[in-house]
Amino acid sequence: MTPADILEELLPGAARTWLTEARQQPLAAVFPAAARKVGRDRLGPAWTTDQAVRALLLVGAPATEVVDVYRYGDAAEKLAVLHALSVADVAEPLQDKALPIVEDAMRTNDQRLVAAALGPYATQHLPQHAFRQAVLKCVFANIPLAVVDGLPRVDQELIRMMSDFAAERSAAGREIPADLEAYLTSPS
Amino acid sequence: MRIFDPHIHMTSRTTDDYAAMAAHGVQALVEPAFWLGQPRTSVGSFVDYFDALIGWEPFRAAQYGIKHHCTIALNPKEANDPRCREVLEVLPRYLAKDGVVAVGEVGYDSMTPEEDEVFSVQLELAKQFELPVLVHTPHRDKAAGTTRTLDVVKESGLAPNLVVVDHLNEVTVKEVADSGCWMGFSIYPDTKMDPDRMVVILQQFGTERILVNSAADWGKSDPLRTYATGQAMLAAGFTDDDVDQVLWRNPVAFYGQSQRLDLEDTTPEDTFEGNSILRGIKP
């Protein structure tokens, strides 16, 4: 989990200035506008400026507002909320109240949302069956398993599901994703 | 030939259409919110539709390297159904989104008092959100509907360069040309306009302030009519630069007035198909 103060230090000066002003405004008004105000430049391997700013806007927001911002967000906003759940200062006060967001993202067919949903927050809060289904969905949707947090949660039942998936692919003469192999031989 | 289709309803189209469009040079498009074949009866249906226009459909388009933007509005036909009127209340939420580059389709269907009111309210929203407007002209009583449309636009005080009046033909083009509004033409297999008639209009009115679209939807229509019009222009002696102006630079200029058009990076990415799979995924 990334702490908010470290994320804020990554921001360019202009973005930090906008963020300071935006914090005085209603979340529902500033959250959709953030990307066109601060830009979408990459700040490092994990964050873009707009995603970082949006995550920081969610620090201290009540759960109902976080859920609403996700509910009424476009794809980029939804993605930003999911990323924000990897920021300790956003995720911890929410406890399990953001779980419906993760569950919604898992129901979509947008691989970006699915992948972003499977961060540390999902590891901590998703029930075991939902977690197994989520990981299997990644395999099914060609999302690399390297993006999935929570590998310690892989259990025998998930390995069985993956083995069955691999068998189905083999029977169809189709390729088995390379990163599935590691799971099929996992000692856990 | 690079093509920006300024009006196409991709929600109704297949992935084969996306592939064919990309193969014929379509790199960007705008999908206006409009009616579906089946009338809607509740605000919830609109909300899910709008969410698709700013979520799922741009994702689908991106897989073919096509930039997808949309316009949002309560369309004139459904404005007549009191069950749909509450849609006006959710519009501000959507007009604030990055992918929304205009208010539309607004305008007239049957020219009722309800349509008058909903049209005016939405022209005010366009001013408030500093967005251009896409105006549909009616299929029935088109000439009278176009005249009334231009009157309403003028009364609203919106600058004409922020308005495109769409689905024009030989009868309605002159009045719109004179008004200073942008002129939109939908090129269809049978109805509306065809590529050769479009060429004649371009010869008469020039290539400025003109948008050519396929308006392809759930009816008999063809997402490659923009390309066919480009070919017809070349065959009639227009230059490559003329074609580029009509099929690319004009829509960029019109929708660019929203300050929200994002045409960078039209190559497929972030869909886990290529090598960018891990980019920005795991904080």
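**Exercise 1. Where to trust the model**

Over which residues of chain B does pLDDT stay under 50, and how many contacts beyond four places in sequence does the model have for them?

*Solution.* Keep in mind that this is a predicted model. Start with the overall scores: ipTM is 0.84 and pTM is 0.89. Next, take chain B as a whole, where the mean pLDDT is 93 and 93% of the residues reach 70 or more. Now go to the stretch asked about. It is residues 267–283 of chain B where pLDDT stays under 50, and the model has 36 contacts beyond four places in sequence for them.

**Exercise 2. Two chains, two builds**

Work out what each chain is made of, and check its radius of gyration against the globule rule.

*Solution.* Step one is the element count. Chain A has 13 helices and zero strands, while chain B comes to eleven helices and eight strands.

Step two is the radius of gyration. For chain B the value is 18 Å, close to the 19 Å that the rule gives for 283 residues, so chain B is as compact as a globular protein of that length. For chain A, a compact globule of 188 residues would come out near 16 Å, and the chain has 18 Å, which agrees.

Step three is the outline along the principal axes. The C-alpha atoms of chain B fill a box of roughly 55 × 50 × 30 Å; the C-alpha trace of chain A spans about 55 × 30 × 25 Å.

Step four is burial and contact range. In chain B, 48% of the 283 residues are buried, and in chain A 39% of the 188 residues count as buried. Take contacts between residues at least 6 apart in sequence: in chain B, 74% of them join residues at least 24 apart. The matching share for chain A is 62%.

**Exercise 3. Walk across some strands of chain B**

Starting at S1(B), find which strands pair, in which sense, and over how many bridges.

*Solution.* Begin with strand S1 (residues 3–5) of chain B, which pairs with S2(B) in the parallel sense over three bridges. To see the register, look at Ile3(B): its bridge partner in S2(B) is Val26(B). How does the chain get from one strand to the other? It passes through helix H1 (residues 15–23) of chain B, and this β-α-β crossover is right-handed.

Move on to S3(B), residues 67–72, which pairs with S2(B) in the parallel sense over five bridges. Two bridge pairs to look up are Leu29(B) with His68(B), and Pro32(B) with Thr71(B).

One more step takes you to strand S4 (residues 100–107) of chain B, paired with S3(B) in the parallel sense over three bridges. Here Cys70(B) stands opposite Val100(B).

**Exercise 4. Buried strands**

Decide how many residues of S2(B) and of S3(B) are buried, and what follows for each strand.

*Solution.* Take S2(B), residues 26–32, first: six of its seven residues are buried, so this strand is largely enclosed by the rest of the structure. Then S3(B): six of its six residues are buried, so S3(B) is largely enclosed as well.

Now sort S3(B) by face. As a reminder, side chains in a regular strand alternate between the two faces of the sheet. Lys67(B), His69(B) and Thr71(B) sit on one side, with His68(B), Cys70(B) and Ile72(B) on the other. Both faces are covered, since these residues are all buried.

**Exercise 5. Where the chains meet**

Describe the side of chain B that touches chain A.

*Solution.* First, count: 20 residues of chain B are in contact with 25 residues of chain A. Second, ask which element gives the largest share of chain B's side; that is helix H3 (residues 56–62) of chain B, with three residues. Third, sort chain B's side by character: ten nonpolar, four polar and six charged.

**Exercise 6. Classify two residues**

Are Val173(B) and Ile159(A) buried, exposed or partly exposed?

*Solution.* Find them first: Val173(B) lies in helix H8 (residues 173–179) of chain B, and Ile159(A) lies in helix H12 (residues 156–171) of chain A. Then apply the cut-offs: buried takes 20 or more other C-beta atoms within 10 Å, exposed takes 12 or fewer. Val173(B) has 19, so Val173(B) is partly exposed. Ile159(A) has 16, so Ile159(A) is partly exposed too.

Finish with the contacts of Val173(B). Leaving aside neighbours within four places in sequence, they are Leu168(B), Met183(B), Ile201(B) and Phe205(B).

Methods. Residues numbered from 1 in each chain as written. Chains lettered and ligands numbered in written order. Predicted model: local features only at pLDDT ≥ 70, side-chain atom pairs only at ≥ 80, totals over all residues. Contact = placed C-beta atoms within 7 Å. Helix = DSSP H or I, 4+ residues; strand = E, 2+ residues; numbered from the N terminus. Nonpolar A, V, L, I, M, F, W, Y, C, P; charged D, E, K, R; others polar. Rg over C-alpha atoms; globule rule 2.2 N^0.38 Å. Pairing = 2+ DSSP bridges. Right-handed = clockwise from strand over helix to strand, strands pointing away. pLDDT = per-residue confidence, 0-100.
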